Amino acid sequence: MAKSTKDETRAKVRAISGVPADAPQRAVPDDPGASCRVSSDAEEPAAPPPGMGASITRCLHRIADSFGIRVSEKAMELGRSSQLHHYLQMQADNMGLSAAMAPLPERFTAAQLPALVQYADGSFAVVEKRHGRMVEIWNGASSAVRNDPSGLEPFGEWACSFASVFETDAVPFLSLTWFTGQVGRMWPIYSQVVLASVMIHCFTLVIPLLMGIFYDRILPNLAGNSLRVLATGAVIVLGFDYLLKNIRSILVEKAALQVEREAEPHLLREVFNVVHAALPASVGHLTHAVQEFSRIKTLFTSQLVLGAIDFFFLFFFLFVIFLNSGVLVMVPLVISLLVLVVSLAYGLFIDRTVSMQARLQSRRSSFLNEVFQGMESIKVTNASRAFVSRWAQEVEKSGEMGARYRLAQSRCSMTTSFLSQLNSVGLVVVAFALIGSGSMSSGGLLTTMVLSGRCVAVCASVANLVTSYLFARRSYKDLYAILQLEKESGEGGSLQIQNVRGDLAFDAVSFRYQPEAPYVLENISFSVRAGERVGVIGPMGSGKTTLLKLLAGLARPSEGVLLLDGHNMAHLNVEKVREKMGVVSQSPVLFHGTLEFNLLMGARNVSQDALEHALLISGIDTFVSRHPLGLKMPIAEGGRNLSRGQRQSVAIARALIGDPPILLLDEPTSSMDSTQEHIFVERMSREMEGKTMLIVTHRPNILRIVDRILVIDQGRLVADGPRDAILAKLGQAPAHREGRA
Ligand code: ADP
């Protein structure tokens with residue numbers, strides 16, 4: 001791998017691991033090498049004897065370093081008692097690398113490096129780089145450059161090569177090649193479109209040529225029979241033309257529909273894959289950007305393809321004019337060029353206007369979105385007048401831009417129609433001389449006039465294409481910027497853990513929402529054992545919710561590492577992790593549909609028992625049983641037909657349905673009355689035995705179900721200890737212990 005590529009890879013992997021480029025490397029722990037099992041109890045000598053290698057963990061640290069990955073000590077413990085190849089596989093997965101074990105090659109290729117190798121005494125070394133025919137080997141004490149066949153002699157029979165799994169050749173969605181690829185896949189359809197277009201353009205020649213014949217041959221001779229034959233032929237051709245145009249439209253739409261069917265769901269999937277905290281704060285902007293995708297799609301799937309065919313026929317028509325009237329072709333040629341220049345100049349002129357117009361449209365949609373979502377607050381604060389006047393300002397600005405844009409458009413079309421008329425005048429003047437000298441007939445002039453009108457029209461249509469291109473480019477930029485945001489782990493390649501115990505740990509985690517913003521959480525380290533119940537308390541804005549968001553994968557640590565069962569969470573498949581987590585956010589949102597839909601949210605294989613159990617614990621069993629439609633009761637958009645407390649209970653039931661081993665609850669009872677809360681506390685403490693639970697709360701009642709309390713203040717962990725000790729320190733009466741007595 002070239003140095004720059006390797007550096008890029010390092011940067012990429014660092015970014016994916018959430019490790020800043022200048023993060024200090026950790027001290028490497030010593031542990032023994034092992035031939036077939038990795039044991040953790042023996043001690044490795046401080047410095048290896050000459051000729052011998054290093055411990056396996058030191059070698060793995062060395063390999064991780066070479067990819068710019070920071071591995072936590074806890075993660076190194078993972079799989080310590082398993083077979084060596086399982087241990088290596090697990091560690092590689094954990095680092096976001098792939099490991100391939102193979103017989104020791106006679107010569108290593110660059111792609112096989114770095115590779116872990118083993119000495120006969122059971123210790124290890126890393127074959128790091130190639131230097132021509134030599135390899136560089138690190139044995140824990142020093143690096144040596146050796147000729148590879150002889151240098152590799154001391155090693156055992158195998159070598160384990162490591163590579164980054166984050167490198168991909170996949171064409172990123174929304175790149176130009178993605179679109180050309182899509183159009184390429186639709187080629188069977190587009191080839192028919194091209195064929196139909198060629199025939200349609202050929203038919204375009206029929207009428208002008210017939211008019212020439214009519215003037216030159218039929219009219220002077222009053223040849224009625226020939227006229228009938230020609231007219232019949234013309235009607236048949238026009239009929240075909242009509243039919244083909246219809247077929248072409250259907251084909252173009254079919255291709256566009258196929259691209260749309262694949263691209264639009266893919267687009268939403270891509271947006272879902274962006275780390276939540278990295279998404280633009282404005283929902284309206286996001287909605288607008290996604291909706292504007294249709295402009296890009298239309299440009300690529302129909303306008304550009306048809307425009308290219310039209311443009312090709314421009315030259316064909318000019319050639320026919322040349323054959324028909326010789327030098328007269330100069331007039332439509334010059335006029336067509338002028339129309340092209342005007343269309344392109346218009347494009348340059350409106351470029352800025354289009355950008356402004358697009359931005360204003362996005363702002364308008366954000367504004368309306370916000371207003372309609374916050375209608376209730378606007379009304380109760382009597383702020384409608386203020387919002388109407390802000391809307392008037394928005395309308396004024398976008399109206400001004402719209403007028404500027406329309407003015408430019410009408411100037412452009414006026415200029416092209418002026419040039420088109422100039423074309424007719426020019427043709428008549430030049431043809432006068434040609435007809436006078438006998439080198440052209442008046443029928444020829446008529447044919448040229450009609451065909452040159454077609455040429456000018458093709459050039460004028462470039463202005464429309466330019467407008468579409470500019471709008472699509474703007475939309476493309478917005479959408480591309482969103483899709484470039486930090487992604488949750490990719491679907492393939494990420495470590496997929498099946499059995500989650502529920503051990504959680506923060507290892508020196510700091511977080512800020514924007515690169516320049518102040519830290520919301522700073523250097524947080526703590527661990528939670530599987531089955532532990534932890535309350536998180538602290539003043540408003542201290543970072544409690546953010547802490548849960550990090551655990552739920554809605555945000556990525558800016559620094560430090562989050563661990564789940566010893567795995568770096570950045571390398572885990574987020575969807576799989578979320579299957580093992582029940583999360584209740586502070587203001588849960590319900591969706592239009594039925595209560596059942598809102599509870600299951602697409603989850604399959606949920607047994608009736610599990611559903612009923614979740615309803616019971618969350619306390620919604622009572623209001624479900626009271627409703628005549630039961631679980632089929634309709635839910636309005638946002639869950640507006642339920643009280644906040646009921647919405648919270650639905651969200652709790654939703655979180656409990658899959659019986660996840662980890663529960664993250666953010667103020668789960670903040671909108672419940674004391675009776676509801678009491679029932680919730682009682683049922684939770686009875687039923688949630690063995691689950692890891694983190695509960696952010698201000699309610700002392702809820703603290704009855706926790707064993708331990710973390711206190712967060714201004715983004716720092718200021719206290720961590722047994723519940724009653726922490727409460728005593730804070731000057732509160734110890735909570736009566738519920739459940740696990
Ligand atoms: P708590 O839950 O303790 O009340 P939060 O974790 O919600 O606090 O917020 C901690 C800090 O992070 C606050 O200062 C808040 O302004 C900021 N914050 C929260 N969400 C965002 C966000 N999406 N973008 C930027 N800053 C945010």
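**Exercise 1. Classify Asn-382 as buried or exposed, then describe its backbone and location.**

Step 1. Asn-382 has a relative accessibility of 69%, so it counts as exposed. The cut-off for exposed is over 50%. The model examined here and in the exercises below is a predicted one.

Step 2. The residue sits in the loop that links helix H13 (375-380) to H14.

Step 3. Asn-382 is not a glycine, yet its phi is positive, at about 55°. Most residues other than glycine have a negative phi.

**Exercise 2. Find which element holds Ala-508, and state what its phi is.**

Step 1. Ala-508 belongs to strand S7.

Step 2. Its phi is near 50°, a positive value in a residue other than glycine.

Step 3. The relative accessible area of Ala-508 is 22%, so this residue is partly exposed. Buried would require a value under 20%.

**Exercise 3. Place strand S7 in its sheet and identify the helix that lies across it.**

Step 1. The sheet is open and has 4 strands, in the order S8-S7-S10-S11, with antiparallel pairing.

Step 2. Its edge strands, each pairing on one side only, are S8 (521-528) and S11 (567-568).

Step 3. Strand S7 covers residues 504-511 and is joined to S8 by 5 bridges, the two running antiparallel. Across from Val-509 stands Ile-524 of S8.

Step 4. Helix H16 (residues 544-551) lies across S7, S8 and strand S10 (559-564). Its direction makes an angle of about 120° with S7.

**Exercise 4. Determine which peptide bond involving Pro-114 is cis, and where Pro-114 lies.**

Step 1. The cis bond is the one between Leu-113 and Pro-114, with omega about 0°. Most peptide bonds are trans.

Step 2. Pro-114 is part of the loop between strand S1 (97-103) and strand S2 (115-119).

**Exercise 5. Establish how many disulfides the structure holds, and check Cys-459.**

Step 1. A disulfide is a covalent bond between the sulfur atoms of two cysteines. The search covers the whole structure and returns 0.

Step 2. For Cys-459, the nearest cysteine sulfur belongs to Cys-455, 7.1 Å away. The criterion is a pair of sulfur atoms within 2.5 Å, and Cys-459 is in no disulfide.

Step 3. Cys-459 has a relative accessible area of 0% and is therefore buried. Cys-59 is buried as well, its relative accessible area being 0%.

Step 4. Cys-59 is one of the buried residues of helix H2, among them also Ile-56, Leu-60 and Ile-63. Helix H2 (residues 56-66) is mostly covered, with 9 of its 11 residues buried.

**Exercise 6. Describe the largest nonpolar core and state which helix gives the most to it.**

Step 1. This core has 63 residues. Tyr-190, Phe-293, Leu-328, Tyr-346 and Ile-350 have the most contacts inside it.

Step 2. Several helices each supply at least two residues, including H9 (224-272), H11 (293-325), H12 (330-373) and H14 (384-436). The most comes from H15, with 15 residues.

Step 3. Take Ile-350 as an example. With its neighbours within four places in sequence left aside, Ile-350 is in contact with Tyr-405, Ala-408, Thr-467 and Leu-470.

Step 4. Another core, of 41 residues, lies apart from the largest one. Its members include Leu-642, Met-672, Val-681 and Ile-726.

How values were computed: Residues numbered from 1 in each chain as written. Predicted model: local features only at pLDDT ≥ 70, side-chain atom pairs only at ≥ 80, totals over all residues. Heavy atoms only, no water. Buried < 20%, exposed > 50% of the residue type's maximum accessible area, 1.4 Å probe, protein only. Pairing = 2+ DSSP bridges. Contact = heavy atoms within 4.5 Å. Axes fitted to C-alpha atoms, helices over the stretch in contact; angles between N-to-C directions. Core = buried A, V, L, I, M, F, W, Y, C linked by side-chain atoms within 4.5 Å.
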